[in-house]
Every structure is written in C-alpha cells, then in structure tokens.
Amino acid sequence: MRRALALAARGRYRTSPNPMVGAVVLRDGRRVGEGYHRRVGGPHAEVEALAAAGAAARAATLFVTLEPCDHHGRTPPCTEAILAAGVVRVVAAHRDPDPRVRGAGLARLRAAGVEVEEGPLAAEAVRLNLRYLVPKLLGRPLVTLKWAASLDGKIATAGGESQWISGPAARRWALALRDEHDAVLVGIGTALADDPRLDRRLGLAGGPGTRVVLDRRLRLPPTARLFDGPGPVLLYTEAAEGPAWEALAGRGAAVVRLERVEPAAVLGDLARRGVGSVLVEGGGEILAAFAAAGLFERVTGALAPLLIGGRAALGPLGGNGIGRLAEAPRVESLRWRRRGADLVFEGVREGCLPALCASVGAS
Ligand code: AOF
Ligand code: ZN
C-alpha cells in the first residue's frame, strides 16, 4: 500500500478534480504490475496496474489506494476489469465517497467472491487526497494556508521588505503548490503591495489556474499584473456596480458581489464554480480570517534561516489572534524537509484527518 501511495502521488499535478490513485498487483509476494492515475479522464490506476500485470494478475492480490469504482464514468467500471483479470483479493485504503461508488465497488467485488480488505494506511491516503475528499465530504474546496517566514517568525522587516526571505529552492517549491491547487487566493492588501501574478509559472499542471482576490471595496487597479496571465480571475467584493467594477470586468475578471466577503461565503461560491482546492497565499489578515473560522485543512510554508526581529515586523497571521492558548487551532502530523537552506513544513489541522477517515469508513 505504501508503494501504491507513492505511485498515486505522481498524479499530483494532473488529476484534479479526480483523485490521485495508485495500484499494485501482488502475486506470490512479488509485484507483478503497478500503475497510477496519470491525468483526469485517463485510465484508472487499477486498469493501468492490471494491464501491466497481464496474465500474472490471475489469482493475485490488488492493492489500491481508493475503493475501485463500479460505474461507467469517463472510463468503464474498474470492478469489471478486476473480475475479468481473475484477481482474488482486493485491499483498498478507504472507501470512495463519490455518490456513484460509496461502498458499491467493494460490495460488488465481495458479491463476486473476491476477498476484500479495507483500511490499511487510510490516514495517509486521505491526507494525499484531501483535495478530492474535502469537496465531496464538506461541500467546499480544500484550503491550504501558506507563508514564508524567517526563523524568528517574521514575514517582512518592520519597513515592509519581504523579497526574498526564502531561498530559490523553497520559492520553487512554493510555486509548485500553485500547480497543485485549482485556485490561488490573496487579499487586496497583498495584491496592492506586491502586484503578484499568481500564475502557474512551472507548467506542472499543464494549464492555468484560477486567481482570486478578496477585494471588499474594489481597489484592485485594472493595470494589475495578474490580468496579464492566462486563466480566470475572480474578484470578491462588497462594492456595488460602477466604474471600478466595469473597468475590472473589462479586463476579464468575474466580479462577484457578496453580502460579506468572508471565508465561508467565498468558499461557498468557489465550490459552486467547481473550484476544489484553494491555496491561500496571504496576507496576514486573510490567513488569520481563514484560521479563525477554522476553514482550512493544510498549513504549509517555508522557514528561512535568518533573524529579522523588530517589534513592528509582522508575523504570518494578523487579525486579533486567539485569546487563550487553549483555544489555538493546532496542527498535527507535521512534516518538514530541507529545500536549499530553508525548512519547508506541512501539517494538517488537528481533528481533520480522523473526521474525514470516519466518513470514508476508516477509523
Ligand atoms: C480516477 N482515477 O484511478 C480511480 C477513480 O472521471 P472518471 O469518469 O474517470 O471517474 C472518476 C471517478 O472514478 C472518481 O470520482 C472516483 O469515484 C472513481 N475512481 N477515478 O479518476 C482512478 N480509481
Ligand atoms: Zn475506476
């Protein structure tokens, strides 16, 4: 299953909105075939692995990171391919919450006499597929909060200089995150201060993503650099239609009026537009708003080995902060690694994985 998860992760940039899925065929303790879902609309992982195994799949065990599908979607049901190949045992990390599956894939296999086991490495599989599972189970996009800070927790000097705190390797890592998410989101403060392009510069996803600015009073100038790049631009505002609105719409932005531009309303609208994952890149007020609302799953970023200091220098999260430590949202399963001289970290909001695991039949 660990191998199947590693294979699944190879589909990271090309599978949205579909899941990342990996599969391994084991026969007499030997790996005789493996595969993964390469891109949305392409063959499912099970089919790739079974094709690789060929006749060796007869009487074999199939390990797969997600319950096999039992429906005709863009491709035929994997359950049929599994039965046709003569597989006698299927081990799935967890159930598929897709309403067309939801246990029906495993039930079909069981009914046909296949031995079925579910659960191994479920938490790992859920963590890998947050971007597939969160929209299906919570009805809103996956939210990743991201920042870069100095080792002493500053995102800029007291004078506001922030380019660059992290080194080139960590910056490239941060850019890759954009290719992993359907949308990138910033607040108007950051949009005005940095004039970011918010684009997918590495080309890992093979197409542009959605750029989102939370702009309560429509202060974004139509000359902003993000209008130069490809892909949809979404502006959330509380402002009424008028010249500013028209100018921005004239640049191709979809301007969306909300009663209050706050995380829950924004995520609700993004979900309606089919956005399944959002990378929140700042600034501090926006990151704090999502954190305070508890509307996030992943927290990630870079810590650079320099000390900035300064009473007036900002940290990653603004807002009013929490009142008491006992109320602070916590992050668990924290992982970190080196990227050049920097540390990059990634954790999951406490309680998030257990709840999602329970929803897909894994405890
Ligand atoms: C995948 N890849 O390896 C597996 C999937 O888009 P379709 O029609 O190919 O089907 C997508 C659904 O198929 C998806 O929501 C999930 O329920 C199931 N399994 N999907 O894209 C795979 N095994
Ligand atoms: Zn399938």
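This is a conversation between a student and a tutor about a predicted model.

Tutor: In this predicted model, local features need pLDDT of at least 70 and side-chain atom pairs count only at pLDDT 80 or more, while totals for chains, interfaces and linings use all residues. Residues are numbered from 1 along each chain as its sequence is written, chains are lettered from A and ligands numbered from 1 in the order in which they are written, and side-chain values use heavy atoms, with hydrogens and water left out.

Student: Happy to start with the metal. What makes His44, Cys69 and Cys78 donors of the zinc ion (ligand 2)?

Tutor: Donors are N, O and S atoms within 2.8 Å of the metal (3.2 Å for Na, K and Ca). His44 (ND1), Cys69 (SG) and Cys78 (SG) coordinate the zinc ion (ligand 2) at 2.0 to 2.3 Å, so they meet that cut-off. Water is not among the atoms, so sites may look incomplete. Along the chain, the donors of the zinc ion (ligand 2) have the spacing H-x24-C-x8-C.

Student: How do you know that histidine 44 and cysteine 78 tie together parts that are apart in sequence?

Tutor: Histidine 44 is in the loop between strand E2 (30-36) and helix H2 (45-53), and cysteine 78 is in helix H3 (residues 78-85), so the pair ties together parts that are 34 residues apart in sequence. Helices (H or I, at least four residues) and strands (E, at least two) are DSSP runs, numbered from the N terminus.

Student: Why is cysteine 78 called buried?

Tutor: Buried means under 20% relative accessible area, exposed over 50%, and partly exposed in between (1.4 Å probe, protein chains only). Cysteine 78 has a relative accessible area of 0%, so it is buried.

Student: And ligand 1: which residues come nearest?

Tutor: Asn18, His44, Ala45, Arg74 and Asp96 come nearest, of the 17 residues around ligand 1. A residue is near a molecule or strand if one of its heavy atoms lies within 4 Å of it.

Student: What makes the approach of asparagine 18 to ligand 1 a polar contact?

Tutor: A polar contact is a pair of N or O atoms within 3.5 Å; within protein, one must be able to donate a hydrogen and the other to accept it, and residues adjacent in sequence count only if both atoms are side-chain atoms. An N or O atom in the side chain of asparagine 18 is 2.7 Å from an oxygen atom of ligand 1, so the pair qualifies. For histidine 44, a polar side-chain atom lies 2.6 Å from an oxygen atom of ligand 1, and for tyrosine 132 the distance is 3.1 Å.

Student: How is the chain divided?

Tutor: Into domain 1 (2-128) and domain 2 (131-359); such bounds come from an automatic or database domain assignment. Their centres, taken over C-alpha atoms, are separated by 33 Å. Contact means heavy atoms within 4.5 Å, and 21 residues of domain 1 are in contact with 21 residues of domain 2.

Student: Which members of the largest nonpolar core touch the most other members?

Tutor: They are Val25, Leu62, Val87, Val90, Val126 and Leu130, out of 36 residues. Domain 1 (2-128) and domain 2 (131-359) both give residues to this core, so it lies between them. A nonpolar core is a set of buried Ala, Val, Leu, Ile, Met, Phe, Trp, Tyr and Cys residues joined through side-chain atoms within 4.5 Å. Beyond its neighbours within four places in sequence, valine 126 is in contact with His94, Leu133, Leu353, Leu356, Cys357 and Val360. A second, separate core of 27 residues includes Ala149, Tyr236, Val266 and Leu287.

Student: Is glutamate 297 buried or exposed?

Tutor: Glutamate 297 has 0% relative accessibility, so it counts as buried. Its place is the loop between helix H11 (284-292) and strand E12 (298-304). The side chain of glutamate 297 makes a polar contact with the side chain of arginine 140, at 2.5 Å.

Student: What makes alanine 59 and leucine 198 stand out in the backbone?

Tutor: Most residues other than glycine have a negative phi, and most peptide bonds are trans. Alanine 59 has a positive phi of about 65 degrees, and leucine 198 has a positive phi near 55 degrees. Alanine 59, at 46% relative accessibility, counts as partly exposed, whereas leucine 198, at 2%, counts as buried.

Student: Which peptide bonds are cis?

Tutor: The bond from serine 16 to proline 17 is cis, with omega near 5 degrees, and the bond from glycine 282 to glycine 283 is cis, with omega near 0 degrees.
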